[in-house]
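This report goes through one protein model, from its overall make-up to selected side-chain pairs. The sequence and structure come first.

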Amino acid sequence: MNLRFPRGPKRRSRQVALIVGVVTLVGAGGWFAGTQMQSPTDALAAHQPPKSGPVTVAVARQKLTANVVTQGSVEFGASKSISLSGPVGSASSSKDDISTPLVTRAPKEGVVLTEGSVLMQVSGRPVFVLRGSVPMYRTLGPGVSGDDVEQLQSALRRLGHDPGGVTGHYGQGTATAVTQWYEGKGFQAQKPTADDQTQLGDLEKGVTDAQLALLQAENGGDGGADGGGKGDGGAATPSSSDAEHNLGLKSAQEQLQQANQALSSFKAAYGTKVPAGEVVFLPDLPVRVGKVKVHLGDNPAGAVATVTSSDVVVQAVVPGTDGALLHKGMPARIETTDGKHVTGELAQVGGSAPSGDGAKDGTDGGQETDSGSGDPSAPVQLVISVSEPGALKNQVGTTVKVTVDLGSSKGAVLVVPLAAVHTNADGKAGVRVQRDGKVVDVPVKVGLSAAGQVEVTPDGSTLAEGDQVVVGQ
């Protein structure tokens, strides 16, 4: 390097300053490099983990509210699967008629059914809905008696067709009311079939033939015109022809009696009937048609549809541990996805849920905490009734947030994480508190727990807000 310096005194002073600057710069670089260098011992020490110690959390003072939070689905309530209890119409009018009943008008999803509504049609015959708790398990017609007849008569009266009294016996008045009811709906009531009419004619002919046979038996002999014979003692004895005449007369009388009884019995059940498959009794009306399970041309065997009430409910599932804390009648808060709130009440805890439109079939939820499997950890079904749907109207099938409050502390209390509480050898609860570099055990009584926190009250020792409790090592 060839440096040129100015001549004279100024030249020397500038030269000295430049040299001092260079030396200073070189020294600073050496110092910085020295600070960045470590010996192997120093490097190893720098990578050693810190000394272990307890992990602590400060005791807090706050109001504690315990609740169960889950997601639910908005559904229509009181779901029930319905099926036909027998054939529509009557037995075939001809033995050669072996046609299969087919759905000619299927139920319609979402339709609201009131008393007397037509649910569907099978082979052109109606299937009505009536209110009643006794299922339609048989054909109702003249001569039939029972609770099912009584509830049919009550329904006819509510529909404006007087059966002549709610007696529980199906008589001519009931048959007339049934005929009026069907005709008012545009259908023909089920009158006697051709087979019924043929059988009636045969029975009537049987009575006539029996009457003729009796007349012939009564006039079939001269009653012993020869006067019979006399024995040695002069007393009259009946001839064999008299005995035959009497036997024939008695037989003819018995045959006539049997023919009359058969005709009378048949006539008692002869007339307008309500076939077993043409009425579905439901305990509560109106109902809404949920899931339709048959279509045009199907054979209506098995379930034909589900029906629900028009009430809105929320169905949800919680873990068994949460379900054990809930019971029927507890209030619930429901929040929609857009932040609107509705209040409800637990109508069912445990058991099976109402099926709704494709969910599980269910009951009224008489059980309170039974998950149905016997396993306490099994999920528990909840049904929340909503008396005033409000924001849930037209929200069937949507997801909502459900919160059930279990209880709240009385004001602010000392709370610690659940992980801080342990059980001592004597079975009592306690927490470990770090004080002055030492860990001491403080007995406590535990109270309400929520969201991973638990209320604690010191038992014979001191515990204050801000104390550091051990939650781990």
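The text below covers the whole chain, then one helix and its aromatic surroundings, then salt bridges and a single valine.

## Overall make-up

The model is a predicted one. The protein contains 7 helices and 22 strands. Of its 473 residues, 34% are buried. The exposed area of the protein is about 27100 Å², and 52% of that area comes from carbon and sulfur atoms. Among contacts with a separation of 6 or more, 70% are between residues 24 or more positions apart.

## Helix 4

Helix 4 runs over residues 172-184 and has 13 residues. From its first C-alpha to its last it reaches 18 Å, close to the 18 Å expected at 1.5 Å a residue. Which residues of helix 4 are buried? They are Thr174, Ala175, Ala177, Val178, Thr179, Trp181 and Tyr182. These buried residues pack against two strands and a helix, namely strand 7 (125-131), strand 10 (279-282) and helix 3 (147-158). Just after helix 4, glycine 186 has a positive phi of about 85°.

## Aromatic pairs

The count of aromatic pairs comes to 4. In one of them, the rings of phenylalanine 128 and tryptophan 181 have centres 4.4 Å apart and planes at 40°, so the pair is tilted. Phenylalanine 128 belongs to strand 7 and tryptophan 181 to helix 4, so this pair ties together parts that are 53 residues apart in sequence. Both phenylalanine 128 and tryptophan 181 are buried.

Phenylalanine 128 also pairs with phenylalanine 187; here the ring centres are 6.2 Å apart and the planes lie at 90°, so the pair is edge-to-face. This second pair links distant parts of the chain, with phenylalanine 128 in strand 7 and phenylalanine 187 in the loop between helix 4 and helix 5 (194-218), 59 residues apart. Phenylalanine 187 is buried, as is phenylalanine 128.

Through ring pairs, Phe128, Trp181, Tyr182 and Phe187 form a cluster. Two members of the cluster, Trp181 and Tyr182, are also among the buried residues of helix 4.

## Salt bridges

A search of the whole structure gives 7 salt bridges. Three of them are listed here with their N to O distances.

| Acidic residue | Basic residue | Distance, N to O |
|---|---|---|
| Aspartate 148 | Arginine 138 | 2.8 Å |
| Aspartate 405 | Arginine 333 | 2.4 Å |
| Aspartate 467 | Arginine 435 | 3.3 Å |

The side chains of aspartate 148 and arginine 138 meet in a salt bridge of 2.8 Å. Aspartate 148 is in helix 3 and arginine 138 in the loop between strand 7 and helix 3, 10 residues apart. Is aspartate 148 buried or exposed? Its relative accessibility is 1%, so aspartate 148 counts as buried. Arginine 138 has a relative accessible area of 25% and is partly exposed.

Arginine 333 and aspartate 405 form a salt bridge at 2.4 Å. Arginine 333 lies in strand 14 (residues 331-335) and aspartate 405 in strand 17 (residues 399-417), so their pairing ties together parts that are 72 residues apart in sequence. Each partner counts as partly exposed, arginine 333 at 38% relative accessibility and aspartate 405 at 32%.

The salt bridge between aspartate 467 and arginine 435 has an N to O distance of 3.3 Å. Aspartate 467 sits in the loop between strand 21 (453-458) and strand 22 (468-472), while arginine 435 is in strand 19 (residues 429-435), 32 residues apart. With a relative accessible area of 18%, aspartate 467 falls under the 20% cut-off and is therefore buried. Arginine 435, at 28%, is partly exposed.

## Valine 317

Valine 317 is part of strand 13 (residues 312-318). How does its accessibility classify it, and at what value? Valine 317 has 40% relative accessibility, so it counts as partly exposed.

Setting aside neighbours within four places in sequence, valine 317 is in contact with Thr70, Gln71, Pro379, Val380 and Gln381. For one of these, valine 380, the C-alpha to C-alpha distance from valine 317 is 5.5 Å, with the two valines 63 residues apart in sequence.

Notes
Residues are numbered from 1 along each chain as its sequence is written. This is a predicted model: local features need pLDDT of at least 70, side-chain atom pairs count only at pLDDT 80 or more; totals for chains, interfaces and linings use all residues. Side-chain values use heavy atoms; hydrogens and water are left out. Helices (H or I, at least four residues) and strands (E, at least two) are DSSP runs, numbered from the N terminus. Buried means under 20% relative accessible area, exposed over 50%, partly exposed in between (1.4 Å probe, protein chains only). Contact means heavy atoms within 4.5 Å. The expected span of a helix is 1.5 Å times one less than its number of residues. Accessible areas come from the Shrake-Rupley method with a 1.4 Å probe; for residues, only the protein chains shown count as cover. A salt bridge is a side-chain nitrogen of Lys or Arg within 4 Å of a carboxyl oxygen of Asp or Glu. Rings of Phe, Tyr and Trp (its six-membered ring) pair if their centres lie within 6.5 Å; planes under 30 degrees apart count as stacked, over 60 as edge-to-face and the rest as tilted.
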